[in-house]
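Visitor: I have not looked at this structure before, and I would like to learn how to read its features one at a time. Could you take me through them slowly?

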Amino acid sequence: MSDQNLHQLLLERHSIRRYTEQALPAEDVKTILEAALLAPSSKSKRPWQFVVVDDRATLAALSQCKDFGGKPIENAAMAVAVVSDPAESDCWLEDASIAAIFMHLQAAALGIGSCWIQVLGRDKGEESAEDIVRSILDIPESLKVPCIMTFGYQDETRKPVDPDKLLWEKVHIGKWRNE
């Protein structure tokens, strides 16, 4: 892929929250998961693991893991719970986040929509979203669940980002400037 193709992908990719009912080809699922396994990690510790879910009832249960923002899970063709072990690396959150975004970008390159669904630090009433996800997917208590990534063919149309609307005022060269 040329730099221009990557840049175009970045301009065109969006978080997709509405999906068609079309299943994902097994080869594309493998490619998305391979992208996660290719993600760099601090000191090559690879503290992440991934729970792949395509069962409709389980997706529906996961969609209820938090008060707001879990709905895309229910209608996705597939969801991947990104799980990480703090005992393996002090950079577990960063490493898991990089693996998640690698899946997100790989899906976009395949023409598959995806969305990051925040789990860490979210709640459903008095219960943590992490505890709910751990319970549904039998994830050990010692592991963290930063997010669930949803995947499917998009059932919504989004325009590419207009590069002229990028927030260049958030870029500081050399040192912080309050301008």
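Guide: Let us begin with a pair of helices, keeping in mind that this is a predicted model. Two packed helices are described by how far apart their axes lie and by the angle between those axes. Here the crossing of helix 2 past helix 5 is right-handed, and the two axes come within 8 Å of each other, crossing at roughly 145 degrees.

Visitor: Which residues of helix 2 and helix 5 make the contact?

Guide: On the side of helix 2 the contact is made by Thr31, Ile32, Leu33, Ala35, Ala36 and Leu38, while helix 5 contributes Ala99, Phe102, Met103, Gln106 and Ala107. Sorted by class, this contact of helix 2 with helix 5 holds nine nonpolar and two polar residues, and no charged ones.

Visitor: How many residues does helix 5 have, and what span should they cover?

Guide: Helix 5 runs over residues 92–109, and because each residue should add 1.5 Å, its 18 residues should span 26 Å; the C-alpha atoms at its ends are indeed 26 Å apart, in agreement with that expectation. After helix 5 comes Gly111, which has a positive phi, near 80 degrees.

Visitor: Which residues of helix 5 are buried, and what do they pack against?

Guide: The buried residues of helix 5 are Trp92, Asp95, Ala96, Ala99, Ala100, Met103, His104 and Ala107. These buried residues pack against helix 2 (26–38), and also against strand 1 (48–53), strand 2 (78–84), strand 3 (113–118) and strand 6 (144–152).

Visitor: Let me turn to charged side chains. How many salt bridges are found in the whole structure?

Guide: A search of the whole structure finds six salt bridges. One of them joins Glu74 to Lys71, with the closest N and O atoms 2.7 Å apart. Both belong to helix 4 (residues 71–75), and because they are three residues apart there, about one helical turn separates Glu74 from Lys71. Glu74 counts as partly exposed because its relative accessibility is 24%, whereas Lys71, with a relative accessible area of 52%, is exposed.

Visitor: What separates Asp131 and Arg134 in helix 6, and is Arg134 buried or exposed?

Guide: Asp131 and Arg134 lie three residues apart in helix 6 (residues 129–137), so they are about one helical turn from each other, and their side chains meet in a salt bridge at 2.5 Å, N to O. Arg134 has 7% relative accessibility and therefore counts as buried, while Asp131, at 31%, counts as partly exposed.

Visitor: Which residues are linked with Asp131 and Arg134 in a network of salt bridges?

Guide: The network of salt bridges links Glu130, Asp131, Arg134, Glu141 and Lys144. Within this network, the side chain of Glu141 meets that of Arg134 at 4.0 Å, N to O, and Glu141 is exposed, its relative accessible area being 62%.

Visitor: Finally, I would like to place a residue that lies in a loop. Where does Arg17 lie, and what is Arg17 in contact with, leaving aside its neighbours within four places in sequence?

Guide: Arg17 lies in the loop that runs between helix 1 (3–12) and helix 2, and with 46% relative accessibility Arg17 counts as partly exposed. Once neighbours within four places in sequence are left aside, Arg17 is in contact with Pro72, Cys115, Glu156 and Arg158. In the case of Glu156, the two residues are 139 residues apart in sequence, yet the C-alpha atoms of Arg17 and Glu156 are 8.1 Å apart in space.

Notes: Residues numbered from 1 in each chain as written. Predicted model: local features only at pLDDT ≥ 70, side-chain atom pairs only at ≥ 80, totals over all residues. Heavy atoms only, no water. Helix = DSSP H or I, 4+ residues; strand = E, 2+ residues; numbered from the N terminus. Expected span 1.5 Å × (residues − 1). Buried < 20%, exposed > 50% of the residue type's maximum accessible area, 1.4 Å probe, protein only. Contact = heavy atoms within 4.5 Å. Axes fitted to C-alpha atoms, helices over the stretch in contact; angles between N-to-C directions. Left-handed = near helix turned anticlockwise from the far one by under 90°. Nonpolar A, V, L, I, M, F, W, Y, C, P; charged D, E, K, R; others polar.
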